[in-house]
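The following paragraphs lead the reader through a structure, beginning with one detail and widening to the whole. Please keep the sequence and the model in view while reading.

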Protein chains: 2
Amino acid sequence: MSDTLKSQIAEQFGTPCMVIDMDRVEANIARAQALCDAAGVANRPHIKTHKSPILAQMQLDAGATGITCQKLGEAEVMAAAGITDILIATNVIGAARSGRLAALQRQLPLKVCADNPVSLDAYSSAAQAAERPIDVLIECDTGLERAGVETPAVVLQLAAQIKNDPWLNFAGLLFYPPIDGWPATQVFFNRVNQGLAELGLQPTIVSTGGTPNMVNMDQLVGATEHRAGTCIFNDRMMMAAGMASLNDCALHVYTTVVSRGGAARGILDAGSKTLTSDAGGLDGYGLLLEYPNARIHKFAEEHGFLDLSDCDPRPAVGEIVRVVPNHVCVVVNMVDQLVMVRGDTIVDVLPVAARGLLV
Amino acid sequence: MSDTLKSQIAEQFGTPCMVIDMDRVEANIARAQALCDAAGVANRPHIKTHKSPILAQMQLDAGATGITCQKLGEAEVMAAAGITDILIATNVIGAARSGRLAALQRQLPLKVCADNPVSLDAYSSAAQAAERPIDVLIECDTGLERAGVETPAVVLQLAAQIKNDPWLNFAGLLFYPPIDGWPATQVFFNRVNQGLAELGLQPTIVSTGGTPNMVNMDQLVGATEHRAGTCIFNDRMMMAAGMASLNDCALHVYTTVVSRGGAARGILDAGSKTLTSDAGGLDGYGLLLEYPNARIHKFAEEHGFLDLSDCDPRPAVGEIVRVVPNHVCVVVNMVDQLVMVRGDTIVDVLPVAARGLLV
């Protein structure tokens, strides 16, 4: 990394600017695929991190079996780009979504998720409108208290509803196990499996999720695939989780020091409208590569406030620095494009194609 | 507010959807103008809250003297819409900005701010390229440790640099006093003023800022104008600051309950990519109008996690609820459009025109 690249980025794009190193992106894609291969599960990367059909296609080319989306809008963008194996990992309900879900399901057979009967009814209607039965996974909660059914008994109620509906195919189970909750997830899964067998059902897909959980992927007997998003770019949270080194972090936010109001203070032109207030449980809001002892301790909307007390030397006004963000997924979501580089060379610009499609 | 409007919003736009009530917006604009009038200072609203030239023009029509922008990109959008009195309240430096600053300064006489000599050099070059001297305010810090010069002595050094540069006009001083720091700001200002007189300079503009500070606007002898942003929409932070009642909050995020995994849990389809992780120092991430005892206690990217322990009755899956966000400025920044309503009627769609222009 040379100062020349910094100057080129600042001249061509200005700061703040989000830059991804494609050599690192490719290495991260390969590493995720290798981890899934080694664990004997299929790889279904979550595209919420990058929202780019181009990067999704690179993941598929590297061996992924399909992709995961978190919103209907993301799935629409990916389908429009020609991707055909799409899991939407959430309840897709609401008036504005039902017609679009039907249109997409008519175009290609989707996989959707549900943790309640209202969603199942919505899927049945959409499938009927699309004239194609839809594959449904039941989302299960085994401790994180995110979405998902809390008990095997309720899973089986939903499975029975799916079985009795000609427009719904029972496709399997969706898990997001707590990092230390894989044994409990196994117990939950085994109970569900027994009940499913009694219903004459068998899960084709048993999906687990999360980049930090990639160390556990071989821990659930019966799992068929894994959904990980962040590992394509990595960030400070993944470093804290032991899932990435600094050199695995593919996205840097280039930002300029625009003020040095006091000796121990500095201000970046990247604030909460760029780096976001999602600290991810870490101290400070990002790591400055050039000044690792500087601390982004507070934000204004367009300013990041630096505490330079422990920093020697200290950056000057006008200096460009690179920040590894705490949580890269929400940071990418703030911009309409990323700049792609390889080493010191600017390669191209990558649209964050599925950004801003709230619904 | 009827359930009919909720259904119409959900059908036409889907959730999450950001909706502004124009009756409230107009009342908020009028109230801000009246407060400035009563304090005897001009009103220079900060458009970072709405990023819309249409709303900016409404503020000007109501009596504002000009507008405040926080980024060059915002100023460009406002200028393109025909707004001519623009203050950019930050250091505008960096390679990509200098050419654009010159182009804009050629088009109309800007007011820019500086707290360091590097910015002054950049402004001088841009003004020279534009063939029009540029008005410069010196940003002063009187306790908040945001941007700004910390001592009157340094203000005077910068003022002298401005005086000696034919391309720079000394236009005045920019303050953002702490809510309880107006007496200290007066002391700072008086010292600076004395030194300025010795330099033969006089500030034309003495600008103060912040919606909560509107209670203090008459407290700085010599102040000429005030910059407030949030008061056009208001939010939970402004309610906590005593600056707004619930009925003054003009923006609601319409969101659907998409999961009820447990008896005391619920999930909204508005997460950190919609409501943002900026809690603004408050408990929870927003107020549910229909269920004020529900607490948004955590986010996934597309999900808001509800603690319904204190909530009776509790919302059902599929129900649409309205959230008053904690910090409306960062929430508006997440979307490309707002839906405008008057009472129960959808009026139009308002582009967040200056969103996403990072530089």
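Which residue stands opposite B:Val257 in strand 11 of chain B? The residue is B:Leu268. Before the surroundings of this pair are described, the basis of the account should be stated. The model is predicted: local features need pLDDT of at least 70, side-chain atom pairs count only at pLDDT 80 or more, and totals for chains, interfaces and linings use all residues. Residues are numbered from 1 along each chain as its sequence is written, while chains are lettered from A and ligands numbered from 1 in the order in which they are written.

Helices (H or I, at least four residues) and strands (E, at least two) are DSSP runs, numbered from the N terminus. Two strands pair if DSSP finds at least two bridges between them. Strand 10 of chain B is joined to strand 11 (residues 265-268) by two bridges, and the two run antiparallel. Together they form a hairpin with five residues between them. Strand 10 of chain B also runs antiparallel to strand 1 (residues 17-21), with four bridges; there, B:Met18 has B:Val253 as its bridge partner. Four further bridges connect strand 10 of chain B with strand 15 (residues 320-324), again antiparallel, and B:Thr255 stands opposite B:Val321. Strand 10 (residues 251-259) of chain B is mostly covered, with nine of its nine residues buried (20 or more other C-beta atoms, placed from the backbone, within 10 Å of a residue's own).

Chain A offers an open sheet of eight strands, in the order 2-9-8-7-6-5-4-3, with parallel pairing. Strand 2 (42-43) and strand 3 (67-69) of chain A stand at the edges, each with a single partner strand, so one side of each has no neighbour in the sheet. Within this sheet, strand 6 (residues 134-140) and strand 7 (residues 168-175) of chain A run parallel and are joined by seven bridges; A:Asp135 has A:Asn169 as its bridge partner. Helix 7 (residues 152-163) of chain A lies across strand 5 (111-114), strand 6 and strand 7, at about 175 degrees to strand 6 (axes are lines fitted to C-alpha atoms, for helices over the stretch in contact, and angles run from 0 to 180 degrees between N-to-C directions).

Finally, the two chains meet. In chain A, 55 residues are in contact with 55 residues of chain B (C-beta atoms, placed from the backbone, within 7 Å). Among the elements of chain A that each supply at least two residues to this side are helix 1 (3-12) and strand 10 (251-259).

Key. Contact = placed C-beta atoms within 7 Å. Buried ≥ 20, exposed ≤ 12 C-beta atoms within 10 Å, placed from the backbone.
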